[in-house]
Amino acid sequence: MTTSWFSSPDDAATRLRAAGYLTDDATALTAYLAGALEKPLLVEGPAGVGKTELAKAVARAAGAELVRLQCYEGLDEARALYEWNYKKQLLRIQASGGEDSWSETHDDIFTEEFLLTRPLLSAIRRDEPTVLLIDEVDKTDVEVEGLLLEVLSDFQVTIPELGTVSATRRPFVVLTSNASRELSEAVKRRCLFLHLGYPDAERERAIVTSQVPGLDDKVAAQLVDVVVRLRELELKKAPSIAESIDWARTLIALQIGDLDEATVARTLGVILKHASDQRRAIKELKLAVS
Amino acid sequence: MTLLHTHIGFVEALRSAGLSVSLAEGLDAIGALEKVRWHDRETVRAAYAATLVKRQPQRVTFDAVFDIYFPRLIGSGVAGEDAADDDGVPDTGAQLERFREALAEALASGDQQALQDLAVEAVARFGAMPGRGPGLSSWSAYTSLQRVSPAELMDRLVQGMLSGGLDAEQAQRAAGRRIGDFTRLVEGDARRRIAEEKGPEHVTDVTVRPTIDRLDFTAARRSDLEEMRREIYPLARRLAARLTKEQHAQRRGPLDVRRTVRASIATGGVPLTTHHRPRRPHRTDLVVLCDVSGSVANFAQFTLMLVFALREAFSGVRAFTFVDDVVEVSDTFRPGTDVVEVMESLAASISHAALWGRTNYGRALTRFAEQHADAIGPRSSLLVLGDARSNYSDLALPVLSDLAGRARHAWWLNPEHPRHWGTGDSAADSYGEIVPMGECRNLAQLGEFVHEIV
């Protein structure tokens with residue numbers, strides 16, 4: 001219980017770096033605080049800036065297991081928290097052949113054996129260090145947020161038949177959101193907030209070279225330069241870090257040693273996914289179209 | 001002032017600046033501060049930000065308030081004091097010459113620390129306004145920027161970068177960005193000094209601007225407008241997500257007996273689950289009529305962009321712009337067109353919409369009724385955008401009431417505060433009697449309204 005996740009913000013930065021995740025100061029500090037204060041961490045930002053990756057990196061850095069709850073519309077208690085294994089309960093009743101009394105059967109079928117734990121409950125019941133990732137929490141319905149409240153504030157789950165299950169060891173909770181919907185104040189109040197944006201050119205270059213080994217330094221610099229310029233344009237979807245990395249991989253696969261204008265124009269589809277964005281980029285960067 | 005006072009004052013200031021900081025969050029902040037070391041100002045900032053700011057648009061406001069309550073340095077700092085009075089008068093021609101030389105160098109090298117020091121010196125040396133009465137600000141970012149005029153260094157900076165191997169356009173952009181950064185540093189430093197003299201509460205009331213989605217269209221600067229334009233697509237996406245979710249929630253229409261009975265066969269004839277016919281989504285045919293004269297052009301453009309970004313939610317959208325004549329601009333918004341191009345062609349259409357160049361609602365409405373009478377039918381909804389300032393001309397009220405009567409719904413969005421309606425040449429009250437008029441001054445209100453009509 002007393003073991004903390006990171007001993008200091010610097011420690012968080014070094015260990016996340018060792019796990020392959022390059023942080024900036026604010027990210028490292030917030031990750032450290034989330035561990036030290038034992039509060040959930042809400043990470044918000046555009047798609048592809050490494051929100052989910054942060055949770056995975058924390059798990060790798062701390063040697064913890066990652067429990068993931070992917071949110072979607074229509075997610076409910078039975079798939080987020082726990083469910084009774086009806087089929088097994090039915091089998092149990094039929095197997096006893098009506099010899100047991102009702103109260104015995106009742107006590108028997110509502111036990112651990114017949115409980116199917118879903119991500120939230122299993123994260124809470126684990127004794128080993130656990131990172132609980134609640135991904136794309138903005139995709140769920142408002143009711144699920146209410147469900148999360150109990151889990152996030154007290155780290156306990158109430159099962160009517162079994163009583164309240166409290167966490168023996170609080171998991172490191174990371175919630176990610178694309179901000180497609182405002183989360184309720186109640187959820188936000190319980191979380192630390194971190195906004196991940198696009199990194200500056202230097203950090204992005206470091207990320208790309210660390211993720212794509214074998215990329216020439218010169219090409220990496222050119223690539224990041226183009227991406228940074230693209231983000232300044234008014235685009236429907238600006239290229240994210242994930243797309244820069246994809247682009248770097250593309251260049252490796254095509255064995256391109258120099259990122260000239262023609263190459264940029266040919267491979268633009270990797271980073272820009274709207275036709276109008278591509279046209280705008282060609283116009284603004286004055287690319288020669290072959 | 002003790003640390004606790006500063007903390008409480010800071011939280012209070014954030015609340016009055018529009019951030020909803022709860023008591024629990026304030027306690028979290030203190031808990032977080034206990035866990036970090038305070039040797040670095042940025043650490044304290046990040047700890048506060050993680051616990052108090054829960055929406056990214058509020059970050060700008062937070063940073064401004066933080067800089068006032070936790071200033072970078074006091075007075076001119078240690079380095080500033082010995083440089084200040086070498087010949088009694090801080091602001092001399094020779095000093096200005098030397099200062100601009102140093103500034104040009106710092107801008108060329110992009111040295112952040114040097115720029116920050118120079119900004120402090122700029123305010124100390126050229127921005128002081130001694131001898132003004134009590135209650136008036138004694139430091140002025142405006143005066144120091146006028147005196148130093150960093151924009152004049154632009155050419156030199158660009159030349160330097162060109163020889164450094166950048167192409168002309170890149171150099172221009174980089175130079176502009178650095179000078180803009182320096183301007184912001186000077187403004188920040190002037191705020192800091194004023195806060196030091198008058199107390200931070202005074203300054204936050206005056207200088208902290210609202211977040212971008214609560215900023216008035218009419219009070220927006222150019223840089224704000226660009227930022228707002230970037231907000232349009234995310235806003236449209238958020239609205240679209242909310243709409244699909246709401247439509248799904250009320251998707252259950254009347255009971256589908258056939259499917260229910262068929263499904264009940266699997267459960268031995270007991271209809272355990274009922275099946276329903278999907279409800280047909282209702283879609284509006286929207287006709288937008290917008291005033292694009294100088295005073296409200298921005299507002300009209302934002303609304304049009306948002307409406308067209310949500311095109312799928314309507315069965316059809318037609319847009320007309322007017323000043324004193326009417327022109328149709330629906331074609332500008334083809335699917336997949338580029339935002340910048342749309343804005344350019346909209347700007348070009350303004351010249352067509354103006355015959356004499358003075359806003360005339362009466363004439364515009366009459367022309368619309370004559371030329372595009374077919375646009376309004378019993379299934380379409382009419383949306384008028386404008387401030388209803390018609391230069392005291394004829395209002396053509398019967399024409400509008402005829403149009404509104406033919407349409408299924410009619411709304412009027414006014415970018416002015418309701419207290420200005422009906423003042424001067426505003427005919428908001430007269431028009432408001434015919435068509436329900438709503439206030440729409442910022443992106444948040446605009447989003448709410450568009451969501452409602454869909």
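**Notebook: helix pairs and cores**

I began with chain B, where α1(B) and α4(B) turn out to be roughly antiparallel to each other, because angles over 145 degrees count as that. This is a predicted model, so I kept in mind that local features need pLDDT of at least 70, side-chain atom pairs count only at pLDDT 80 or more, and totals for chains, interfaces and linings use all residues. Residues are numbered from 1 along each chain as its sequence is written, with chains lettered from A and ligands numbered from 1 in the order in which they are written.

I looked up the axes (lines fitted to C-alpha atoms over the stretch in contact, with angles from 0 to 180 degrees between N-to-C directions). Those of α1 (residues 3-16) and α4 (residues 59-69) of chain B come within 10 Å and cross at roughly 150 degrees. Helices here are DSSP runs (H or I, at least four residues), numbered from the N terminus.

Which residues of α4(B) make the contact? I found B:Phe62, B:Val65 and B:Tyr69, facing a set from α1(B) that includes B:Phe10 and B:Leu14. Contact means C-beta atoms, placed from the backbone, within 7 Å.

Next I checked α9 (residues 154-163) and α10 (residues 168-198) of chain B, whose axes come within 9 Å and cross at roughly 130 degrees. α9(B) and α10(B) are therefore oblique to each other (outside the ranges under 35, 65 to 115 and over 145 degrees). Among the residues in this contact are B:Leu157 and B:Met161 of α9(B) and B:Ala171 and B:Ile179 of α10(B).

Last, I turned to chain A: leaving aside neighbours within four places in sequence, A:Val174 is in contact with seven residues, including A:Leu41, A:Val58 and A:Leu133.

Conventions
Two residues are in contact if their C-beta atoms, placed from the backbone, lie within 7 Å. Helices (H or I, at least four residues) and strands (E, at least two) are DSSP runs, numbered from the N terminus.
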